[in-house]
Amino acid sequence: MHACLGGQVAMDFPEKIYLDITQDCNLSCRMCRDGLEVTGKTMSFDLYCRLVDETAPYVKSYSLFNWGEPLMVKDFRERVLYINEKKRHDCVVDISTNGMLLSGEMIEFLRKQDIVVTVSFDAADQATFEGIRGGSSFRRVCDNLGELSKGFSHVPMNRAPGIYTTVQKGNQRQLTEIAKLASSLGARRMGFGLLTAPRAFCPTLDPLLLAEIENLAAYLDAEAMLNDLYPTRVGDYLWWGSQFIHEDSFLVDDTCNAPLVSASIAYNGDVFLCCNVGAQAGNVAAKSFREVWLSEEYNELRQAVNDRNSMPGPCKVCAWFNRRS
């Protein structure tokens, strides 16, 4: 992918930054948090602007989210306008949202500002959906996804609104049905990944899950939907084009390059190795991002993520790099 799309503009900065502008959320999804968290954990506008000013000449992708709901931020529109004014012409700005706050006015704003939008969408029926995403309205999210897809109907597929499904015990048998519902609502893009914590909600890695993912991939191809993110490993099996094959047939590459090309910055300035957190590498409240990015501590952690004896705990089970405990 780097060969085709190009890598970092400068090694002094990553090509991808997650700006986690808030950790507050209007839902209490069972795999994410125990209850509503609206505590004002929002990145200050000053820190946000300072980070954008410093990194915009070099970054090729910004995600204005990670653990919270970005549309809850009161000055969200001002932040989008600011980053769009500063960013490179080839830089993509995206958000992920639970879909509850996608009003018609917000959809029009996101369309005009060329923001790539992904909606978290974890079930094909009301009971399962609202059981996973506490406080949500299945009907409202479906309606909003439909309006969002309609508003972006003329953009290229890779920038069209899509859904992301967190595969877990409660929905692992209905992945294809989720895709069918999303398609009926106009979505042209889908991504999905395996939940790895908390263990109580993680999917059962059985042959039925393998078959469900294979059926889902075939459906997405048949419907000309973009399958833009998926697990390459499920238990002892790895993805091979259109099916899963046992790992005995492969030399498995589980090398992680995330700390070399991306960073995640929390609302309070804490800098993490990747969007899955991994480990904290510093804080930008009193330092420039470049100082943290090039620090000795960061470089030590970059080496640790590929050393089984010293890698952070989350790195050992990171599904995105073919790992498991």
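User: Which residues in α3 meet α4?
Analyst: This is a predicted model. In it, Phe76, Arg77, Val80 and Leu81 of α3 touch Glu105, Met106, Phe109 and Leu110 of α4.

User: And what's that contact made of, by class?
Analyst: Six nonpolar residues, two charged ones and no polar ones make up the contact of α3 with α4.

User: OK, how are α3 and α4 set against each other, what angle and how far apart are the axes?
Analyst: Helix α3 covers residues 76–86 and α4 covers residues 104–112; they pack at about 10°, and their axes are 11 Å apart. Because of that angle, α3 counts as roughly parallel to α4.

User: Switching over to α7 and α8. What are the angle and axis distance there?
Analyst: About 25°, with the axes 8 Å apart. So α7 is roughly parallel to α8.

User: Which residues of α7 and α8 meet?
Analyst: From α7 you have Leu175, Thr176, Ala179, Lys180 and Ser183. On the α8 side they meet Leu209, Glu212, Ile213, Asn215, Leu216, Tyr219 and Leu220. Sorted by class, the contact of α7 with α8 has seven nonpolar residues, three polar and two charged.

User: Staying on α7, which of its residues are buried?
Analyst: Leu175, Thr176, Ile178, Ala179 and Ala182 are, in a helix that runs over residues 175–184. They span an arc of only 155° around the axis, so they sit on the same side of α7.

User: Why would residues a few places apart end up pointing the same way?
Analyst: That's the helix repeat: an α-helix has 3.6 residues a turn, so residues three or four places apart point the same way.

User: And what do the buried residues of α7 pack against?
Analyst: Two helices, α6 (138–151) and α8 (207–222), plus two strands, β7 (162–167) and β8 (189–194).

User: What's going on with the backbone just after α7?
Analyst: Gly186 sits there, and its phi is positive, at about 100°.

User: New topic: how many disulfides does the structure hold?
Analyst: Zero.

User: Why doesn't Cys256 have a bond to Cys315?
Analyst: Cys315 holds the closest cysteine sulfur to that of Cys256, but the two are 6.3 Å apart, so they are too far for a bond. A pair needs its sulfur atoms within 2.5 Å to count as a disulfide.

User: Is Cys256 buried or exposed?
Analyst: Buried, with a relative accessible area of 11%.

User: What about Cys318, where's its closest cysteine sulfur?
Analyst: In Cys274, 6.3 Å away, which is too far for a bond. Cys318 counts as buried, at 11% relative accessibility.

Technical notes: Residues are numbered from 1 along each chain as its sequence is written. This is a predicted model: local features need pLDDT of at least 70, side-chain atom pairs count only at pLDDT 80 or more; totals for chains, interfaces and linings use all residues. Side-chain values use heavy atoms; hydrogens and water are left out. Buried means under 20% relative accessible area, exposed over 50%, partly exposed in between (1.4 Å probe, protein chains only). Helices (H or I, at least four residues) and strands (E, at least two) are DSSP runs, numbered from the N terminus. The arc is that of the directions from the helix axis to the C-beta atoms. Contact means heavy atoms within 4.5 Å. Axes are lines fitted to C-alpha atoms, for helices over the stretch in contact, and angles run from 0 to 180 degrees between N-to-C directions. Angles under 35 degrees count as roughly parallel, over 145 as roughly antiparallel, 65 to 115 as roughly perpendicular and the rest as oblique. Ala, Val, Leu, Ile, Met, Phe, Trp, Tyr, Cys and Pro count as nonpolar, Asp, Glu, Lys and Arg as charged, and the others, Gly among them, as polar.
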